[in-house]
Amino acid sequence: MTARRPSLAVVGATGAAGGVMLQILSQHADVWGEVKLIASPRSAGRKLVVRGEESEVLELSEDVFDGVDVALFLVPGDVAERWAPIAAAKGAVVVDDSAAFRMASDVPLVVPEVNPHAVRIRPRGIVASPNCTTLSLIVAIGALHAEFGVRELIVSSYQAVSAAGRDGVATLREQLATVAGTELGTRPGDVRRALGDAGNGPFAAPVALNVVPWAGTGAGDGWSSEELAIREECRKILDLPTLRVAATCVYVPVVATHSMSVHARFESEVEVDRAHEILATAPGVVLYDNPAAGDFPTPSDVVGTDPTWVGRVRRSMDDPRCLELFVCGDNLRKGAALNVAQIAESVAAEFPRV
């Protein structure tokens with residue numbers, strides 16, 4: 001007997017995460033039957049290559065979901081909010097990468113390495129994938145939690161500009177071209193004056209020769225939406241509704257791959273050697289931790305790879321139940337397309353054998 005090959009739709013196929021998804025579909029074991037590529041009217045008609053074959057991009061409409069078993073949404077939240085329920089009503093299992101459904105009580109938020117069981121509980125026919133920043137963190141923390149029981153996370157993120165979309169990448173490249181070969185960055189405000197406010201693109205301040213301690217939108221009491229997303233998503237994925245989480249999210253002049261400095265407090269005393277063993281064998285994690293030899297993850301080394309990379313693992317000097325660690329994860333691969341693809345593959349495995 002062989003498994004029926006379910007049909008797949010990729011909504012947002014022409015975007016940055018959509019492009020990575022097409023690569024992943026071509027690289028992973030082919031579990032899919034027909035694959036439909038879907039995008040906005042302005043992108044319809046384009047030809048893209050998936051699984052070695054050229055395919056025409058279809059316009060997003062109700063009819064396009066006819067006969068689709070699994071629909072991947074790699075689009076902004078407002079688009080997903082409108083169209084994902086339509087795809088689900090047509091009978092597709094929706095895997096959504098946006099923030100539209102992540103915190104809905106009747107939509108599972110899934111990271112296959114951490115809570116794979118949750119994907120089977122989907123009363124609305126929708127499964128959500130977490131924020132790219134959460135995904136840079138949670139695979140490693142989930143593995144440690146299974147052994148030690150996490151009780152508190154204090155996180156500082158160093159986020160790549162691609163999290164702000166193509167405009168974020170274009171803004172960084174334009175700013176770098178302006179400041180290259182100058183002495184800017186040596187006097188207060190000289191970078192901002194040289195670029196002008198219009199040169200900041202989607203960022204609150206210049207990102208070239210700078211870091212910007214604000215990602216997302218205002219969420220009250222000085223917190224940003226990105227910071228609260230890390231808090232609430234970690235709680236939901238780990239099924240720890242009272243987990244203490246504090247995050248500060250910072251944009252840095254990196255194109256792709258998020259980094260995070262993490263202070264994690266656990267129920268029981270931790271040993272670095274045991275933490276190393278756990279991380280070295282955890283699915284989706286690479287341990288790269290020998291600082292004396294210069295072995296620790298950086299965005300320029302991790303970009304384009306699938307796992308979460310972990311280094312600088314050390315026990316807190318003040319609390320034997322705490323670990324300090326540094327993690328890196330490509331925000332366009334595991335942070336977006338790859339996690340969605342992994343969820344979809346687990347859904348595909350449910351289809352009956354014929």
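## Strand S6, aromatic pairs and spaces in a predicted model

Phe73 has a relative accessible area of 0% and is therefore buried. The model in which this residue is described is a predicted one. Phe65 is likewise counted as buried, because its relative accessibility is 0%.

**Aromatic pairs**

The structure contains 5 aromatic pairs. In one of them, the ring centres of Phe65 and Phe73 are 6.0 Å apart and the planes meet at 15 degrees, so this pair is stacked. A further pair, Tyr158 with Phe326, is tilted, with 6.2 Å from centre to centre and 35 degrees between the planes. This second pair connects distant parts of the chain: Tyr158 belongs to strand S9 (residues 150–159) and Phe326 to strand S14 (residues 322–329), a separation of 168 residues. Tyr158 counts as partly exposed, because its relative accessibility is 30%.

**Strand S6 and its neighbours**

In a regular strand the side chains alternate between the two faces of the sheet. Strand S6 (residues 70–73) is covered on both faces. Val70 and Leu72 lie on one side, Ala71 and Phe73 lie on the other, and all of these residues are buried.

Strand S1 (residues 8–11) runs parallel to S6 and is joined to it by 4 bridges. Within this pairing, Val10 has Leu72 as its bridge partner in S6. Strand S7 (residues 93–96) also runs parallel to S6, again with 4 bridges. Here Phe73 stands opposite Asp96 of S7. Together with helix H2 (residues 77–89), S6 and S7 make a right-handed β-α-β unit.

**Residues with positive phi**

Most residues other than glycine have a negative phi, and most peptide bonds are trans. The following table lists two residues with a positive value.

| Residue | Phi | Loop | Relative accessible area |
|---|---|---|---|
| Arg51 | near 55 degrees | between strand S3 (47–50) and strand S4 (53–56) | 29%, partly exposed |
| Leu209 | near 55 degrees | between helix H5 (190–195) and helix H6 (225–238) | 48%, partly exposed |

**Pocket and cavity**

Rolling a probe the size of a water molecule over the atoms shows where empty space is left. The largest pocket has a volume of about 1,300 Å³. It is lined by 47 residues, of which Leu74, Val75, Pro76, Gly77 and Ala163 are the closest to its centre. The elements that contribute two or more residues to this lining are helix H1 (16–27), H2, helix H4 (165–179), H6 and helix H9 (333–348). H6 provides the largest share, with 6 residues. By class, the lining of the largest pocket comprises 25 nonpolar, 15 polar and 7 charged residues.

A search of the whole structure also finds 1 cavity of 30 Å³ or more. The volume of the largest cavity is about 40 Å³. Its lining is formed by Ile24, Leu25, His28, Ala29, Asp30, Val31, Trp32 and Glu345. These lining residues divide into 5 nonpolar, 1 polar and 2 charged.

**Summary**

Phe73 recurs in several parts of this description. It is buried at 0% relative accessible area, it forms a stacked pair with Phe65, and it stands opposite Asp96 in S7. Its strand, S6, also belongs to the right-handed β-α-β unit with H2 and S7. Helix H2 in turn gives two or more residues to the lining of the largest pocket.

Conventions
Residues are numbered from 1 along each chain as its sequence is written. This is a predicted model: local features need pLDDT of at least 70, side-chain atom pairs count only at pLDDT 80 or more; totals for chains, interfaces and linings use all residues. Side-chain values use heavy atoms; hydrogens and water are left out. Rings of Phe, Tyr and Trp (its six-membered ring) pair if their centres lie within 6.5 Å; planes under 30 degrees apart count as stacked, over 60 as edge-to-face and the rest as tilted. Buried means under 20% relative accessible area, exposed over 50%, partly exposed in between (1.4 Å probe, protein chains only). On a 1 Å grid over the protein atoms alone, a cavity is a set of points where a 1.4 Å probe fits but cannot get out, and a pocket is an open set with protein on both sides within 12 Å along at least five of seven lines; lining residues have an atom within 4 Å of a point. Grid points are joined across faces, edges and corners, and a volume is the space filled by probe spheres set on the points. Ala, Val, Leu, Ile, Met, Phe, Trp, Tyr, Cys and Pro count as nonpolar, Asp, Glu, Lys and Arg as charged, and the others, Gly among them, as polar. Two strands pair if DSSP finds at least two bridges between them. A crossover is right-handed if, with the strands pointing away from the viewer, the path from the first strand over the helix to the second runs clockwise.
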